[in-house]
Structure formats: C-alpha cells, structure tokens
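Visitor: Could you pick one helix and take a close look at it with me? I would also like to hear about the surroundings, in a connected account.

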Amino acid sequence: MVGIECDDDILFLKYALYHSHVISAVLKKYLIQDHRFLDAFVVLLAGIIANARNLEDRIPGCQFLAMITGKENTYFNRSFEKLGCSEEERANVPDAAVTVGFCNLMREMASHGTLGEMLSVIVVAEWSYQSWGEKVLPNTNRDDFTTYEWVDLHSGPYFAEVVSYLRRLLDKEGELLDDGEKSKCEAAFLRAIQLEEDFFEMAYAK
C-alpha cells in the first residue's frame with residue numbers, strides 16, 4: 001500500500017485558508033492560481049482514464065471528471081464573481097512559478113508518463129486534499145459558500161470513494177512494476193508533494 005501524510009504546516013495553511021477568519025485577498029490569490037491547474041488536471045485525469053486497464057477501472061474516473069468540469073469549475077466562476085474578481089483582473093495576474101511547475105508536471109505525466117506515474121501525481125493531490133478537507137470540515141465557515149463549498153468538494157463520502165479508487169488503481173499498478181518503474185513513480189510522487197507544499201506557501205507570500 002502506498003502511503004502519504006500531510007505535513008503539519010500544509011494542514012495549518014489550509015485550515016487557515018478555510019477557517020472563518022480567511023483573508024479575502026489570500027483566498028482570491030489562491031483561487032486564481034488554483035483555477036489554472038484545472039485544464040492540466042483534466043488532461044491528467046483523462047490520461048488515466050484512457051490508460052486504465054479495463055472499463056471497470058475507467059468508469060469512476062469518468063464520473064469524477066464530470067464533477068471536476070461541472071460542479072468544481074462552476075464553484076470557481078461563482079467565487080470569482082463573489083470576490084469581485086473580474087476576468088480582466090485574472091488575466092493580468094501572471095502564473096506563479098509553482099503553478100507553472102505543477103501544470104507542467106501534470107501535462108508531462110499525461111503525455112509521457114506511465115499509468116503508474118500519472119496515478120502517483122494525482123493521488124498526492126487528491127489524498128492530501130481529502131486529509132485537510134476532513135480535518136477542517138467541523139470548523140469551516142458556513143456563512144460564505146466560497147469557503148464551505150470548497151471544503152465540501154474535498155470531503156465526505158463521495159470524495160472518499162474517489163480517493164480510494166485512485167489509491168486502489170495505484171496499488172494495482174505497483175504490483176506490476178519493476179524496480180526502475182517504481183523509482184519513476186516515487187520521483188513523480190515526491191515532485192508532486194513538494195509542489196503542493198510550495199503552492200500553499202505561495203498563497204500566503206507577500
């Protein structure tokens with residue numbers, strides 16, 4: 001079984017971001033950059049679906065893809081409107097270095113990586129989000145959808161099923177890989193972890 005734990009600092013940052021004392025400027029900065037991952041994430045998830053070994057392994061991925069391109073994308077658009085963040089304003093904000101790095105990693109794995117490498121990257125993203133989502137859920141500000149809906153998207157029974165599905169696929173692939181292929185998966189996994197940490201540090205940097 002592949003394992004992952006969220007760093008305490010990352011959990012603290014994510015907790016602060018979604019607690020009732022969230023700073024609007026921080027949330028806006030975070031959401032602008034995070035929304036830019038969406039296209040690369042869709043490419044990565046589509047690659048996993050295309051390379052999965054059978055229909056049974058594809059169906060949950062297809063259902064998750066529909067949620068990402070539907071409910072989650074809509075959340076971003078509604079949040080930008082609520083925060084007074086116009087399309088023009090977003091267009092004038094450059095990509096952060098970590099945003100470029102993470103998008104490049106996802107596209108690189110989708111184009112040239114094995115199924116195991118693709119899964120290694122997406123498991124980091126979704127399992128770490130589940131970890132903090134469940135942790136902050138009891139204290140999430142319920143007065144503002146920009147906070148609680150993002151937490152709800154990354155917690156609860158459905159998202160737990162998604163994470164279990166992705167972990168299960170990764171574990172299945174792990175049984176088929178030789179040592180060299182496992183090393184490549186580990187490298188992709190560690191790159192994704194570092195980028196996750198860097199991303200939340202970016203959100204609070206001045």
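Guide: Happy to. One definition will help us: two residues are in contact when heavy atoms of theirs come within 4.5 Å. Another cut-off goes with it, since a residue is called buried when its relative accessible area is under 20%. Please keep in mind that this is a predicted model.

Let's take helix α9. This helix covers residues 156–174. It has 19 residues and reaches 27 Å from its first C-alpha to its last, close to the 27 Å expected at 1.5 Å a residue. Its buried residues are Phe159, Val162, Val163, Tyr165, Leu166, Leu169, Leu170, Asp171 and Glu173. As you trace that list, one piece of background is handy: an α-helix has 3.6 residues a turn, so residues three or four places apart point the same way.

What do the buried residues of α9 pack against? Their partners are α3, α4, α7 and α8. To place those names, the chain as a whole has ten helices and zero strands, and buried residues make up 48% of its 206 residues. Contacts across the sequence matter for the picture too: of the contacts with a separation of 6 or more, 81% are between residues 24 or more positions apart.

Now for the interior. The largest nonpolar core has 57 residues, and Tyr30 and Val121 are those with the most contacts inside it. Helix α9 is one of the helices that each supply at least two residues of this core, and the others include α3, α4, α7 and α8. The largest share, eleven residues, comes from α7.

From α7, one of the partners of α9, we can follow two residues. Val121 touches Leu44, Phe102, Leu105, Met106, Met109, Ala188 and Ala192, leaving out residues up to four places away in sequence. Glu117, which is found in helix α7, is a curious case for anyone who thinks about charges. Glu117 is buried yet has no salt bridge, and the nearest side chain of opposite charge, Lys184, is 5.8 Å away. What the Glu117 side chain does reach is the backbone nitrogen of Thr114, at 2.9 Å. Beyond its neighbours within four places in sequence, Glu117 is in contact with Met109, Lys184, Cys185 and Ala188.

Next comes α8, another partner of α9. Thr146 is found in this helix and is buried, with a relative accessible area of 1%. Its side chain is joined to that of Asp144 by a polar contact of 3.0 Å. Not counting residues up to four places away, Thr146 touches Leu27, Tyr75, Ser79 and Lys82. One of these, Leu27, takes us to α2, where Val26, Leu27, Tyr30, Leu31, Ile32, Gln33 and Asp34 are buried. Helix α2 has twelve residues and spans 16 Å between its first and last C-alpha, close to the 16 Å expected at 1.5 Å a residue.

Helix α8 also takes part in salt bridges, of which the structure holds nine. Glu149 forms one with Arg78, the closest N and O atoms being 2.7 Å apart. This pair links distant parts of the chain, with Glu149 in helix α8 and Arg78 in helix α4, 71 residues apart. Arg78 is partly exposed, with a relative accessible area of 33%. Both of these helices are among those that the buried residues of α9 pack against.

A second salt bridge in this neighbourhood brings together the side chains of Arg142 and Asp152, at 2.8 Å from N to O. Arg142 lies in the loop between α7 and α8 and Asp152 in helix α8, so the pair ties together parts that are ten residues apart in sequence. Both residues are partly exposed, Arg142 with a relative accessible area of 43% and Asp152 with 32%.

To go back to where we started: α9 packs its buried residues against α3, α4, α7 and α8, α7 gives the core its largest share, and a salt bridge joins residues of α8 and α4.

How values were computed. Residues are numbered from 1 along each chain as its sequence is written. This is a predicted model: local features need pLDDT of at least 70, side-chain atom pairs count only at pLDDT 80 or more; totals for chains, interfaces and linings use all residues. Side-chain values use heavy atoms; hydrogens and water are left out. A nonpolar core is a set of buried Ala, Val, Leu, Ile, Met, Phe, Trp, Tyr and Cys residues joined through side-chain atoms within 4.5 Å. Buried means under 20% relative accessible area, exposed over 50%, partly exposed in between (1.4 Å probe, protein chains only). Helices (H or I, at least four residues) and strands (E, at least two) are DSSP runs, numbered from the N terminus. A polar contact is a pair of N or O atoms within 3.5 Å; within protein, one must be able to donate a hydrogen and the other to accept it, and residues adjacent in sequence count only if both atoms are side-chain atoms. The expected span of a helix is 1.5 Å times one less than its number of residues. A salt bridge is a side-chain nitrogen of Lys or Arg within 4 Å of a carboxyl oxygen of Asp or Glu. Lys and Arg count as positive and Asp and Glu as negative; His and the chain ends are not counted.
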